[in-house]
Amino acid sequence: MSITINQPFKWMDSGTYQGSPLEPLIRDEALASGMRDQNATPVIHLWVYDQALYLGRRDAKLPHLESVLRRFGQAGFGCVLRSSGGACVPLDAGVLNVACLLPDTTISIDSFFSLVAQMLKVGLRDFGTIQFGEVAGSYCAGEYDFSIHGKKIGGMAQRRTRYGSILQLCINVDERPRGEWMERFYEWAGLEEMESHKPIPRIEAATVGSIAGLTGAAVTVDEVKARLLAAIRTQWQVSPAPFSVNAELRQEAEQHLASRLQLFSYTAKQLAAPDWKLPE
């Protein structure tokens, strides 16, 4: 399915975060709220968080979630409960996050996935053929996983807001034991104790990889950003722009995510504190 976007995309990079893991999601939300402007154009927002577990709502039912988050906090991981679909995804300095935002609430879910899949195939073509489809046994497995040589290097999730559509994805660039982290996370969190409503059916570390690990290229996040931009611009209108978001929209977005959607967010230091507890 070929989707045509006639407006130019703004390519905005907001850098690397180490504070509240909710902050980049707040900025995505604020950008989506900005789609209410009659002159709004599509945005591609790039960011990195070093390092945290980005939980899905399904993970909130894990029987030992509080204790496992405390253990990961002691190992240097923050955490956040995100609003888009899926289950837990580990982020670190070697994972590139990309949000594609459209001033359109009518585009179908499949069409939006198809558009971004096309962009990824073009943008990552220097690293080989990108395949789409669920990688069974991987963390946050889904129909729109993308892989190289059968190993997952990323996944996509999307949702609608009142004024626009957001598709968020992550790309594992360098090689780190993310599969092993998630094996331990779900083991310690009690996945096997659950009889129903499991966030994932199972987790196998060997199903997960990275661009660097699967291609043998000593590639960095900055190099992947540059190659993505150069390749995508060959087929779509994309204009780099400094990252900016309206302060009022940012405040509105923070209140919406933290208060209305009740998303929690903690740094590693907060999780490791002796008196830390999950909100009830």
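## The four-stranded sheet

Strand β3 (residues 52-55) pairs with β5 in the antiparallel sense, over 3 bridges. This is a predicted model, in which local features need pLDDT of at least 70 and side-chain atom pairs count only at pLDDT 80 or more, while totals for chains, interfaces and linings use all residues. Residues are numbered from 1 along each chain as its sequence is written, and side-chain values use heavy atoms, with hydrogens and water left out. Strands (E, at least two residues) and helices (H or I, at least four) are DSSP runs, numbered from the N terminus; two strands pair if DSSP finds at least two bridges between them.

Within the antiparallel pair, Ala52 has Leu91 of β5 as its bridge partner. β3 also pairs with strand β4 (residues 78-81), in the parallel sense and over 4 bridges. In that pairing, Leu53 stands opposite Cys79 of β4. These strands belong to an open sheet of 4 strands with mixed pairing, in the order β5-β3-β4-β12. The edges are β5 (89-91) and β12 (265-266); each has a single partner strand, so one side of each has no neighbour in the sheet. 

The side chains of β3 alternate: Ala52 and Tyr54 point one way, Leu53 and Leu55 the other way, and all are buried. Buried means under 20% relative accessible area, exposed means over 50%, and partly exposed lies in between (1.4 Å probe, protein chains only). The areas come from the Shrake-Rupley method, and for residues only the protein chains shown count as cover.

## Strand β6 and its partners

Strand β6 (residues 95-102) is mostly covered, with 8 of its 8 residues buried. The cover extends to both faces: Val95, Asn97, Ala99 and Leu101 are buried on one side, and Leu96, Val98, Cys100 and Leu102 are buried on the other.

β6 has pairings with β2 and β10. Strand β2 (residues 43-49) runs antiparallel to β6 and is joined to it by 5 bridges. In this pairing, Trp47 has Asn97 of β6 as its bridge partner. Strand β10 (residues 165-172) also pairs with β6 in the antiparallel sense, over 8 bridges. There, Ala99 stands opposite Gln168 in β10.

## Helix α1

Helix α1 (residues 23-33) is mostly covered: 10 of its 11 residues are buried. The buried residues in α1 are Glu23, Pro24, Leu25, Ile26, Asp28, Glu29, Ala30, Leu31, Ala32 and Ser33.

## Salt bridges

The model has 15 salt bridges, a salt bridge being a side-chain nitrogen of Lys or Arg within 4 Å of a carboxyl oxygen of Asp or Glu. One of them links Arg250 and Glu254, with the closest N and O atoms 3.0 Å apart. Arg250 and Glu254 are 4 residues apart in helix α7 (residues 247-260), which means that about one helical turn separates them. Arg250 is partly exposed at 22% relative accessibility, and Glu254 is partly exposed at 33%. Through shared partners, salt bridges join Glu23, Arg27, Arg250 and Glu254 into one network. Of these residues, Glu23 is among the buried residues of α1.

Another salt bridge connects Arg176 with Asp174, where the closest N and O atoms are 3.1 Å apart. Arg176 is partly exposed at 30% relative accessibility, and Asp174 is partly exposed at 22%. The side chains of Arg202 and Glu204 also meet in a salt bridge, at 2.8 Å from N to O. Arg202 has a relative accessible area of 38% and is partly exposed; Glu204, with 36%, is partly exposed too.

## A negative patch

Glu175, Glu180, Glu183 and Glu187 form a negative surface patch. Patches are made of residues with over 30% relative accessible area and no salt bridge; like charges are joined within 9 Å, and nonpolar side chains (Val, Leu, Ile, Met, Phe, Trp, Tyr) within 5 Å. Asp and Glu count as negative and Lys and Arg as positive, while His and the chain ends are not counted. The place of a charge is taken as NZ of Lys, CZ of Arg, CG of Asp or CD of Glu.

Within the patch, Glu183 lies in helix α4 (residues 178-189). Glu183 is partly exposed, its relative accessible area being 34%.

## The loop before α7

Ser244 is in the loop between β11 (238-240) and α7. At 49% relative accessibility, Ser244 counts as partly exposed. Ser244 and Leu228 are 16 residues apart in sequence, and 21 Å apart in space from C-alpha to C-alpha.

Methods:
Areas by Shrake-Rupley, 256 points an atom, 1.4 Å probe, with all protein chains shown as cover.
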